[in-house]
Amino acid sequence: MDHFPIFLATEGRRIVLSGGGDAALAKLRLLLKTRAHLTVFAEAPADEIRDWAAEGQLRLVTRRFAPGDALCAALFYAADEDAAEDARTAAIARAEGALVNIVDNLQDSQFITPAIVDRDPVTVAIGTEGAAPVLARAIKADLEERLPTTLGTLARIGKGFRKMAEALPFGRARRDFWRDYYFNAGPKAMEAGEAALPRALEGLLEDHLTRTARPGHVAFVGGGPGDPELLTLKARRALDEADVVIYDRLISAEILELARREALMIDVGKEAYGPATPQERINELLVEHAGQGAQVVRLKSGDATIFGRLDEEIEALDAAGLGWHIVPGITSASAAVASIGQSLTRRGRNASVRFLTGHDMKGFADHDWATLARPDEVAAIYMGKRSARFIQGRLLMHGAARATPVTIVENASRPDQRILATTLDRLPEDLAAAEMAGPALTFLGLAPRAAATVLQETPIQEMA
């Protein structure tokens, strides 16, 4: 992020612009929405600028911008549409302490003006750091359609009621009140007209003041394989409402960004044969925070019900008399098999698929190797990188063909996803050569479909 988005207080402050043509007009139409003191310097200003000056909306000086003209200005716009003149005026304004924007010159500007959706006092700013103005305009158009014109009225009247809402306890109680107002009671009252909103707010506050606080609760949320677009809508709602998020090591940063900024974020990551938060401590954290009345999200990679030690955490909550529910997620096997263009089951090949773990609490996990070694068996092996040689040895001992296809997908669904196609015979050597450091899913009995392999941006070519 090269440009940090902020909202600048402009009421009563100077904003200066040099220029009188189309570029100046475009900026001024936006700036006139503020309560700033606007001053325009232009030798030949457009008629519209002259009209605004005559109406008292801005101050017009019909000469070239000169030293001293930007003193005490918060912002300065160079909009003369002439590179040399814009460079001259920008240098003066910068020396006099103003932040400078040169229209259509991102490189030499100190700030940029985003595309804006205006539902005053609700303002949505959209920026692409100059990379894709067309995209910013498309997003703006989409939001303009989605956000009702009454939103600004709801926010303006709600803002005047904030002091009275402080009668509610800070935190969740107030958030529930305002959510109820903006998404339920407010829009309903607005149907009767703006005058009905204050009365609706008073009734809503009285209702919330007499409510019993929601008890603490834990949502076990499947965070999917890492791509935030694969997160379910129900999971996103849970993250949006969470007071506390207790998350695993494999949860991607993009998904953690979806949590409320005020939420308490607790990392309880575990790494096989490496640093780990004891399961007992995780259980204690769940009981502690839910017991204090918090809405807790226990965020697990993939699907929470697969190799996630879910039962132990549920049992701890049950013992403490605390409520919980499960939000399913897309397991890594589903994302990984999609990336190689295959299906987990196929008529005439395999009528079942096994989900296995490469290691358990005692070390490398043992399985029904004789069944797995049969032709056309398919298995998805989680956490199988370190146990690759052990798995190979067990399968070969039980008669598996050395040419059995094996595919390993690292960082499934993420931008840095990699695919290794090999065979059971070459598995340990090829895996070591690939130097995979991220989480990986191993498929026994599946090879990438040719078309899917071509589509991969950075595949590891078959090493066999």
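How many bridges join strand S8 to strand S11 (residues 295-300), and do the two strands run parallel or antiparallel? The legends below concern a predicted model, and the first view takes up this question.

**View 1. Strand S8 and its two partners in the predicted model.**
Strand S8 covers residues 217-222. S8 is joined to S11 by 6 bridges, and the two strands run parallel. Within this pair, Ala219 has Val297 of S11 as its bridge partner. S8 also pairs with strand S12 (residues 323-327), again in the parallel sense, over 5 bridges. Here Phe220 is matched with Ile326 of S12 as its bridge partner. Of the 6 residues of S8, 5 are buried, so the strand is largely enclosed by the rest of the structure.

**View 2. The parallel sheet that contains S8.**
This open sheet consists of 5 strands in the order S10-S9-S11-S8-S12, and its pairing is parallel. Its edges are formed by strand S10 (264-267) and by S12, each of which pairs on one side only. From one strand to the next, the twist averages 20°. Strand S9 (residues 244-247) pairs with S11 in the parallel sense over 4 bridges. In that pair, the bridge partner of Tyr247 is Leu299 in S11. Helix H11 packs on the sheet and touches S8, S9, S10 and S11. The direction of H11 makes about 155° with that of S11.

**View 3. The crossing of helices H11 and H12.**
Helix H11 comprises residues 279-291, and helix H12 comprises residues 310-319. Their axes come within 9 Å and cross at roughly 40°. At this angle H11 is therefore oblique to H12. The crossing of H11 past H12 is right-handed. On the H11 side, the contact is made by Gln279, Ile282, Asn283, Leu286 and Val287. These residues meet Glu312, Glu313, Ala316 and Leu317 in H12. By type, the residues of the contact of H11 with H12 divide into 5 nonpolar, 2 polar and 2 charged.

**View 4. The packing of helices H7 and H8.**
Helix H7 (residues 172-190) packs with helix H8 (residues 196-209) at an angle of about 140°, and their axes lie 10 Å apart. The two helices are therefore oblique to each other. H7 passes H8 in a right-handed crossing. H7 contributes Asp176, Phe177, Trp178, Asp180, Tyr181, Ala185, Gly186, Ala189 and Met190 to the contact. Their counterparts in H8 are Ala196, Leu197, Ala200, Leu201, Leu204, Leu205 and His208. The residues of this contact of H7 with H8 comprise 12 nonpolar, 2 polar and 2 charged.

**View 5. A sheet with mixed pairing and the helix packed on it.**
A further open sheet has 5 strands in the order S13-S16-S19-S17-S18, with mixed pairing. Strand S13 (354-357) and strand S18 (418-423) are the edge strands, and each pairs on one side only. Neighbouring strands of this sheet are turned against each other by 20° on average, direction ignored. Strand S17 (residues 405-410) and strand S19 (residues 440-444) run antiparallel and are joined by 5 bridges. Thr407 has Phe443 in S19 as its bridge partner. Helix H13 (residues 332-339) packs on the sheet, where it touches S13, strand S16 (379-382), S17, S18 and S19. The direction of H13 makes about 70° with that of S19.

**View 6. The buried residues of helix H15 and the glycine that follows the helix.**
Helix H15 spans residues 388-397. Its buried residues are Ala388, Phe390, Ile391, Gln392 and Leu395. Gly399 follows H15 and has a positive phi, near 95°.

**View 7. The surroundings of Thr39 in strand S2.**
Thr39 lies in strand S2, which covers residues 37-41. With a relative accessibility of 5%, Thr39 counts as buried, because the cut-off for that class is under 20%. Leaving aside residues up to four places away in sequence, Thr39 touches Arg14, Ile15, Val16, Leu17, Arg59 and Val61.

Notes:
Residues numbered from 1 in each chain as written. Predicted model: local features only at pLDDT ≥ 70, side-chain atom pairs only at ≥ 80, totals over all residues. Heavy atoms only, no water. Buried < 20%, exposed > 50% of the residue type's maximum accessible area, 1.4 Å probe, protein only. Contact = heavy atoms within 4.5 Å. Axes fitted to C-alpha atoms, helices over the stretch in contact; angles between N-to-C directions. Parallel < 35°, antiparallel > 145°, perpendicular 65-115°, else oblique. Left-handed = near helix turned anticlockwise from the far one by under 90°. Nonpolar A, V, L, I, M, F, W, Y, C, P; charged D, E, K, R; others polar. Pairing = 2+ DSSP bridges.
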